[in-house]
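Trainee: Could you walk me through this one? I'd like to start with the cysteines.
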Amino acid sequence: MFSRWNWVACGFYLVLNICSPDASGGLVQSCGHIIPESPVLALGSNFTALCILNESCLDFGNIYASQIIWKIKNRVVPKEQYREINRTVSSVTFNDTSSLATPLTCNILADGQIEQNIYGITVTVGLAPEKPKNLSCIVHQVSRFTYVMTCTWNPGRHTFLDTQYRLRYSWPEEIFPDCIPKDVNNSCTVTDIQFFVNTEIWVEATNALGKAVSDPLVVDPIDIVKPLAPQNVSVSSVLLPTVVKLSWENWISDAVMTLKFNIRYRIVGDTNWMEVPSEDTSSPRTSFSVQGLRPYTEYVFSIRCMKEDGEGYWSDWSEEKTVITMEDQPSKGPPIWRIIDKAHSPASWTVHLIWKELKPYEANGVILQYEVTVRDKSSLSSPVKKYNVTGTNHTLQLPEGTYEVTLIARNSVGASPPSVLLIPASNSKAPVKNLRTLPKHDKLWVGWTAPNSYVLKYVIEWCLVSSSSDCIIEWQIAPGDVQGIDLKGIKPFKCYLITVYPLYADGQGSGQSVKAYLKQDRPSKGPTVQTKKVGKAEAVLTWNHLTVEEQNGFIRNYTILYKTIDGNETVVTVDPSKTEYTLSSLTSDTLYTVRMMASTDNGSRTGPDFTFTTQKFGKGEIEAIVVPVCLAFLLIVLLGVLFCFNKRDLIKKHIWPIVPDPSKSNIAQWSPQVPAKHNFNSKDQMYPEGSFTDVSVVEIEADDKKSFSEQDLKPFDLLKKEKSTSEGHSSGIGGSSCMSSPRQSVSDSDEGETTQNTSSTVQYSTVVLNGYRDQTPVQVFSRSESTQPLLDSEERPEDHAGGADSTAQRQQYFRQNGGQDETNTDRPCFERAKQITHANEGDFVGFVQLQISGQSSQPLGLGMEKNTQEAALSSVLQTCTEGQTVRPETVEENPLSVDEMPKCYLPQTVRQGGYMPQ
Amino acid sequence: MAAADSPSTALLRRDLCSRAIRLAGKMRADVVDLLDAYVEQQGLDASASVAAVEGVPLAAVERWDEQTGTQRLLENLAAYRAFRTLLAQMLEEQREQLGEADAGLGRALAAVLLQVSAFAYHLEELLRLESRGIPGEEGDGPAPPPRLSLFEQKLRGLGVLRELAQWAVRSVRDLRQLAKPSPATGTASGLAESP
């Protein structure tokens, strides 16, 4: 790059030297020039430039017009725009000068393709000035004798060129100096103004491309004057309270210009101006009295002026001056109302008289005091009471009656007309009808239909309804000929209670009330719903009403939305007066989500979600199932018991065979020494041959009980007592004893019945090896020491089936029982029966007594009635039934008393399996 | 004067008269103000008596009410042409004497001069409306006065301004006479009624 520029510079130097043979003698002579030289061209026009080469350069450097290249800045102009006029002249043509730029250069492409600049021109492109339009002039008064005229015009489009504007004005015989604006092109101010001569004013705009002249404005400068505003304005309140006098000075003498005026005024604090009628101030003057003002009111005054004939401009408004008009007597009495408190005693009223302060334009001054006069109209003889009050309320204690209250406001000038309020004994007159409200922007319109009677005026009371505070009453009086007023100061979203009373000449109508909102919103919160009762298919929902502060409007309805977890939401609309609703057709045992929405005219708000689960069974369903089941069960049990009872012998035969009780045998008596002859050391020695397979019963025929004398029975009683009270006292056969055995011998549970006498004293011995039924056999050698004779029935009870009644009381059972199951089962049965016995001992009499395990008796019927745990009891009963021995005859003949029960005991070792009765 | 007044001509004449009257009034007020300034500036006594200035037409005239309208216009035109020359001379002398020291007095004098010129123009226009030829100015006006001393120049200036103030008053009255509607349009009698 550097070498290339070096080459160009060397070439340029060479050409200059070639073309400038006398360069050493002065300025370098150019090899050509461009015509026109630095032209100013109109934007959008066409333009042709010529580049003319010097003849001297042609011969010396072989440079011709065909080698000329035109450039705009550094951009080569397309050769299509070139034209070689002759060998020394080349032209370039531009159809639109907007494509031109500066500089436009003529260059030559010399030998060796060296481009050399020959000449360049500056091209200026712009527009001719447009004709100035909208020429207007105004003459400003600067001081008392000084006026300047400022003319403005619209210069038109931008010319892109240096354009000179000049304001020219002249009289027919006088040419004035031009006014040349400074820094602007659309206004100029002339300081040498002469009035009363028509002056021709015009604007000339000139630049390199042309000149434009505006339309002339011919005007007498006096007709376009904007005078200075009147000065030294003063205002004073004169004798009348409604008149003030305004004075001022004018800047312009009448010789130059007569003036007319505008006077405006307003009440301080009010933005609206009032004007004195213009026809009243259309003549020259320096003072004016403004009338029709309000007394004791501060006014602001201002004034302006203009040429009397209306030519020209109004001056600016003068400085503002304030004045307070004089006081006058109040123009009307204050509005008065009352609130009657009858809470203490209906016959004695507490009357709160309340009135409003007069408006400033009504008070016409400072109210010094109010005069209240109360006259009892029901009693003409009662004196009139007067009160002087400085406030706006007064409280009176009055007996019930009709009163006329008169109120007068007084200021320093005088008293107002009286305001009269009639307080009747009762508001028995007709009320207004069709009371209604309508919001109007920030005011609430209250309308009503007038009663048929003539109404003097209406009193409108209103108060903000609140759940937390009392209603603070505001009131307003409306004339009797209106049927609606606007209430101001009403807050949006608040509930107001509005009451309208018509006041008649002879009484007062009862009030009509309506609640209203200026503007409603949706509730600030939603109702909180909860369930009161939940059933299988229904749920009773309950909620509380929103407080009036939360409502923000009239609640139009409640909406209950409930759904299951995966189900669609169901919507129910409820009347807003309700606080309870029953959801029906619900699915049982299902979780429901319910929420409640309160709606006003302007929206809704939803309360929190509440969930509940419906019950699995409906009311009574459980009872309907359980009771029949229980009854059926009891019936079955009862039938089973009856069956068992009826078939007890058969059952006993198969399940509980009768085993004679050896202890009650008479063998012990007839063989008392036998035990001494035997010496059994071990059971193995006793039964060397093996196990016995069955119980051997020695059947002895017994005599009737009666056959024994009491003496015969005494030894048995003694023995019984010994056995009952001494544990470990074993019994044996023939004097043999089991005392050496680790097993303990104890009397059988039937021992209580061992008191039965037997005539038999048969000695017997029983050897048991096999287990009872399927139970594990215990090798026991058992020998009875009983001295009692065996009973017939004990030996073969089935043999006495036909004479059971006669023989049952003599039957004795000896029961060989080697298992523990039955014993274990017997115990809770006994304990349970024992509890019942303790609970109601007297009920035992006459009931069938069940002996279970030979130790306890169970009052069956009583147990069924008293025990609430039927299932457990039935189980016990079942168990007891299996091992019972029913002896109704025993109950009949010798019922056990409660005192005798302790004689029957259950050895504690039974559960341990260490002892079995033998 | 014989030309009949068309409505537009009558309107134009009324307008010219009205404007000329107000101009004369303002001119008088300005001249009065200028007189005070001039007396003070030139160190003269306001009560000084000045003899009649040569070349200055007198405003006072006998049988003023017997003059015709045209006559009034012509006399006014002659007077104001004379005042124009005299005021121009005064302005030049003022500049020679004070230079730019008291530009205010010079501006006020120039303003009065313009008003005099304007008033003369109004008079010429009114005469044209009366279809009367406008008398040509006599060469360059009155013959240049002889070279006066400085004090004489001041006194003469005072006399010119006082007489101009008088003429302003008279011109207002003349023009009001002209502005009155004539009972017979197009007749000279319209300009000859008594005030």
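Trainee: Which cysteine does A:Cys463 pair with in a disulfide?
Mentor: A disulfide joins A:Cys463 to A:Cys471, with an S to S distance of 1.6 Å, where a disulfide is a pair of cysteine sulfur atoms within 2.5 Å. This is a predicted model, in which local features need pLDDT of at least 70 and side-chain atom pairs count only at pLDDT 80 or more, while totals for chains, interfaces and linings use all residues. Residues are numbered from 1 along each chain as its sequence is written, chains are lettered from A and ligands numbered from 1 in the order in which they are written, and side-chain values use heavy atoms, with hydrogens and water left out.
Trainee: Which hand does the disulfide of A:Cys463 and A:Cys471 have?
Mentor: The torsion about the S-S bond of A:Cys463 and A:Cys471 is about 80°, so this disulfide is right-handed.
Trainee: And is A:Cys471 buried or exposed?
Mentor: A:Cys471 is partly exposed, with a relative accessible area of 35%, whereas A:Cys463 counts as buried at 5%; buried means under 20% relative accessible area, exposed over 50%, and partly exposed in between, using a 1.4 Å probe and protein chains only.
Trainee: How many disulfides are there over all chains?
Mentor: The count comes to 4 over all chains, and among them is the link of A:Cys179 and A:Cys188, with sulfur atoms 1.7 Å apart, which is left-handed with -90° about the S-S bond.
Trainee: Switching topic, which residues does A:Leu167 touch?
Mentor: Among the residues that A:Leu167 touches are A:Cys179 and A:Cys188, not counting residues up to four places away in sequence, and contact here means heavy atoms within 4.5 Å.
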